[in-house]
Amino acid sequence: MVCKTWIDRFSSYFVIFCSVIIFAQSDVPRPRGVSLSKASLYLPTKDFTCFDGTATIPFSYVNDDYCDCFDGSDEPGTSACINGVFHCTNAGHRPQNLPSSRVNDGVCDCCDGTDEYANPTACTNICEELGKEARAEAQRVAELHKAGSQLRIDLIEKGNKKRNEMAEQLTQLEKDKSEAEKIKAEKELLKNDLEMKENEVLKVYREAEELEKQKKLDQEKETNLKESTEHFNRFDSNNDGELSIDEIKVVNVFDRNKDGQVDDDEVKMFLGGDEKVDKDAFLSTTWPILKPLLMMEQGMFKPEDAKTDTTETEAEENHEELDADFEGNEEDNSDLDLQEEHEEDETVSEQSKSYNDETQKIVDQASEARRQYTDAERTVREIESNIRNIKQNLEKDYGLEQEFASLDGDCFEYEDKEYVYKLCMFQKVTQKSKNGGMEVGLGNWGEWAGPENNKYSVMKYTNGIACWNGPSRTTTVNVNCDLETKITSVTEPFRCEYKMELSTPAACDDSSTSQEHTSHDEL
Amino acid sequence: MKVWALVLVAAFVIIGISAVDKNKFKTCSQSGFCKRLRPFKPEKSQYSLNLDSILVHGNVLSAEVVTIDAADEKRTVLWKYAFKLSALADGTFRVELDEADPLYPRYRTQLALDGEPKADGLKLISKDDGKVILVNTQGHKVIITSEPLKLEFLDQNGEVAVVLNENSQLLVEPLRARREKVEDEDGDGANQLDDEEGTWSETFQSHHDSKPRGNEAVSLDVVFPDADHVYGIPEHTDGLALKTTTSGDPYRLYNLDVFEYILDSRMAIYGSVPVMYAHGPKRTVGVFWHNSAETWIDVVNYGEGNVVSSLVNLVTGGQKKRVDARFLSESGIVDMFVLMGSTPGDAFRQYTALTGTTPLPPKFSLGYHQCRWNYMDEADVRSVDENFDVHDIPMDSIWLDIEYTNKKMYFTWDVVKFPHPAEMVANLTAKGRKMVVIVDPHIKREPGYFLHEDATELGYYVKDRDGKDYEGWCWPGSSSYPDFFNPVVSRYYSDRYRFENFPGTSKDVHLWNDMNEPSVFNGPEVTMPKDCRHYKPPQDGLEGLAAYWEHRHVHNEYGLWNLRATNTGLLDRADGVYRPFLLTRAVFAGTQRYSAVWTGDNTAEWSFLAASVPMCLSLAIAGNSFCGSDVGGFFKYPEAELMTRWYQAAAFQPFFRAHSHIETKRREPWLYPAATTALIRDANRKRYALLDFWYTLFYEHTVDGLPVMRPLFQHYPDEPATYPIDDQYLLGDALLVKPVTTAGASSVEVYLPGDGPWYDVDTYVPHKGPRITQPVTISKIPVYQRGGTIVPRRERVRRSSALMADDPFTLVVALDANNSARGSLYIDDGETYEYKNNKYIYAKIEFGPDEMTYTLASEGAQYPTGAWLERVVVAGIRAAPRSARLQQDGRQTALQMTLHKGNDVLVLRKPAASMARPWTITFAY
């Protein structure tokens, strides 16, 4: 960077300075480190102009191991420019462009060793060997792809078949759905009709019931007052019509936490923060807290019916409190809740109560209609869910030619030292410790995530179980061509980001291998 | 076991959600002796020196000191002490006070000093009026007042520079035998003697300290007249200049593994270096409190606004400037070195003369280090290595944290993840890179583990209070700790580093000793109990309590013993041919002789980036120049801007290493957006361009003992504005660095000391101080070169420092007002000790209007470097020469020059002189 800036500043005019230009040993004479395609830009007979046009220098300054051009173009064969590029021909193998920092640094980077010309013995030319290996490997891959692409055709066929089947299924289901909806509508009409009738005949019974309930409530109030007064009188040992702290402290039942003494907190709780309570205050403040405690102590000895009685009262009291709470905030909700509760109440009472024959018949008919309606409704829901599933699958991207479709749902396992990994295609990835423990989700099917020209080479499974103190787990599956579908490795290169190598004939696309061949331009 | 370790990590992280758990660590009032003695400040000291007992022999005055009961008219002597004052070379004195006849020997710190200090002459001038006056060969006088005992040290102008026991806080608690328990009449068996509570045992949380020797604390106060500030006593997080401690706790020195330590705190952390400097316009002086026990230091700076002015007048008698300090340690003897200065550089040098300098590091270690807890396997290491080349970012070493081992058993490898360590290392060294692996001092108690079996069988572990092998909890689970104090154990441990004993390592595998405070997860304050027993050389007549040292005596020194054993091992494994690199977390006086240090487990926050500067500056003036902080922050994740600024700051700090916690997101440079990766690449390249400048500074440090990273006041001691500055610093005397440590910065304020000019190293634009506003973009690192200096650079970027060996130099000449400048350059092979056989070049470079010379300054020293002079850049040139000629080896070459008039920069194109031999460039006008 620094180098660049000052060159920028000082490249104005230069005096000729002698230097030797070394030419690469190749048919076309060109300065060291220059590719054939750029050879024409370096003409020994003319001054050299930097590629970016910022300066013109004597040709002797080219490759003189001093950086004159801002863009590094005057030093293709040395390490002088920070941004220079060194080209090695690598006859017999692929040519290479290296950053100029690799030139004469003691490391053999080009297989022909030309990057280390300062020390000619440092590197041997191994391009022939490497080229041979590379060609053999290319051959192997090509053959693999050829064989694999046959299997891939089968997969495509299977995939298409599967999709066709699904499409047919979908048509059938759509038909079934409209049938079922028709039935549902009929049943609903029937149900509404019968329920109206039912409502009418039950009206009488309900009014009677209401009356009974009110009576019971009054009774309870009375009993409660009686009990409260009784207890008040019992605790009010000096009969002054008020309960004081001292009076409370000697009564065991006030020792709520059972630590053997009635402490200040307990006193405060029972007396509502006052020093003493009179009869009325006792009834409103102390008694409601005290009564359940008393019951807990005596519960076992109380007659059965009395017990249920009190429980009901309590439940109702609670209910009232709830109502009060709801009124302010969530009126809508509370209305709904209450309606539902009432309905339930009715059903309970209907079943337990006996009606005359006529009424009973109507009630039974209504119940039957309700049951049939519910069944019809469920059938519709089931069909809809099936449709959704199939649609979802049909929308899934199974590759250019549906080559991955038949693999949907297939699961493959891979074991390493500590874990068993499972990939269920287009569903999810999991990991399970060999020492037992829960299965951990490493991601659910997300999307294809390969590069633009090769989208179907990478699968992404996202939103797995969150890491402790970290992100959700994700898995990237690299899909490679081979004759068998299997997982060949699993790693966790970054925390909670897993990497899987999957080989499958579905990835043996002949068209993708042809891309590789085109890159051998200069051979 | 691994699971357990993880559970522990989990527990720690949960605790640490809101940073450090302060309850784990003692406050002064929870530390028995601090609570007992912090208020100790009698009106009159009980200590007095017996003038009749004075004996001056060579450089030493010895005398008897006694304590006298002031309330008693008969002047009953309470206790007798042995007093020693020694004059040492280079303006240094040493004051020692021990019991004359202690019940058991008291501990004297063993490893801090770099050998016996050199003696100076000491002359008795007078002895009358209850005063003794002495003088050393440099004219520093010492006035000893006998009763109460007081020592005044005078500078060469005859002014009082340092006073000891002015505040009567000198104290050596005599050792006493514990009396037998007496059944008192109530029969409850309590020890009802005159002992205060806590004398014979202390409890902190659930940890019981048996204190078998009872109380044995020592204390001494120091007064620094005329001082504006005191500095030093690292390692703390509260800034370079120390603050008054009257509210809150004193500064604490006790090596501790503090999980998620906090900033602006006087709490103890990993390191303890008890050296303090006092500076004002009149002089710089220092004191070194030679003690390895838990230490608390109070500071009162009367110049600070918050010290009540009436108190100032009362104490200082109207004198405005004065700083008092008081050192209080749990055990040992009073052993205080007084450094007479008189400049900051003098005082810093006097300290390194006592405790040693950092030896010349292998050159790679000044490059960039890539670390993480953890690179998980060989493939991971390979991929990180390759990515640095893909992104063309220079890097010199990859580090392996604890996960490379077989179940945290050091000196072994996880054979599944790291089956071929030698190949992995070879893959790195092929590109000139190195590997650094961690070896912690805790040893896994695992049957079949050779180290554990040997140590158990041979009794090599530190013992608990009952004499059994001490067992603590650390990364491997149940662990024990080698007792390095036993030379046999240290020797054994050193041998573990031999290549044959640690397969897979080679001379290119360097070391990292972490957790050596020592860290013990389940111990008191996460360290070893104080009543653990350490080895003491057997001696006739010493039995029982006298036959061993307690951990309390040696605690701060433990890490140093660990490092010394490792260092010996690393030297021996390569037959003394190759220089080792070693990194430590625990620090004590003398650590610099063996190891680089880093500021431990910091956090990815801007404030921690900012704190890295004062923390390393404090360590640097305390001898530890080779300092850095985890780039990016250890805990949490640094977003792109913070990460960029951290790389930029650290590229200009001595130890440059990225590191991160295993639970954090990966953060290698290429995992950020491309623009950030490019900025990180730039920062690293700036580091590598200056690598030879760094290397030269480290070489000069071995010669002059001065810090590499320097506070501004070191070179501008007469400019009070520089005294409190700790957010910018100097590298050598040439570069001034002001890192950007805030988010979204568009400019920074820079203080430019002296007359200037200071040249912006990116633009060569000269600036005059004292204050400028420097606009900054995200790519800007504010660095300035002082006019009058020459800085060597290498502009070619390579993959690692080793590959730069023969690359050419650019010399950047920044002219002063006289159109001249000077600099230096050190060159050697970068990795061996051959420089000690004169295989090196130390060149002085001088520039004047008529000529520029490159001369070899060390007679007889030669090194056949292939490096050559690529260009000379002269900044601030007013009258450009007409021509320039290079002369080398009797040949003359005309040089081509380019003058850039816009900013007065002259460039000499490709002189191509060899840097192996002297040369001259002459200018004609």
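## Free cysteines in chain B

Start with B:Cys371: its sulfur sits 16 Å from the closest cysteine sulfur, in B:Cys627, which is too far for a bond. B:Cys371 is also buried, at 2% relative accessible area (buried means under 20% relative accessible area, exposed over 50%, partly exposed in between, with a 1.4 Å probe and protein chains only). B:Cys474 is in a similar spot: the closest cysteine sulfur, in B:Cys532, is 14 Å off, again too far for a bond. B:Cys474 is buried too, at 0%.

This is a predicted model, where local features need pLDDT of at least 70, side-chain atom pairs count only at pLDDT 80 or more, and totals for chains, interfaces and linings use all residues. Residues are numbered from 1 along each chain as written, chains are lettered from A and ligands numbered from 1 in written order, and side-chain values use heavy atoms, without hydrogens and water.

## Disulfides overall

Searching the whole structure turns up 10 disulfides over all chains (a disulfide being a pair of cysteine sulfur atoms within 2.5 Å). In chain B they follow the pattern 1-2, 3-4, counting bonded cysteines along the chain.

## Two links in chain A

A:Cys111 and A:Cys127 are joined with an S to S distance of 2.1 Å. The torsion about their S-S bond is about 100°, so this disulfide is right-handed. A:Cys111 is buried at 6%, and A:Cys127 is buried at 0%.

A:Cys411 and A:Cys424 also pair up, sulfurs 2.0 Å apart, and with 110° about the S-S bond this link is right-handed. Here A:Cys411 is partly exposed at 40%, whereas A:Cys424 is buried at 7%.
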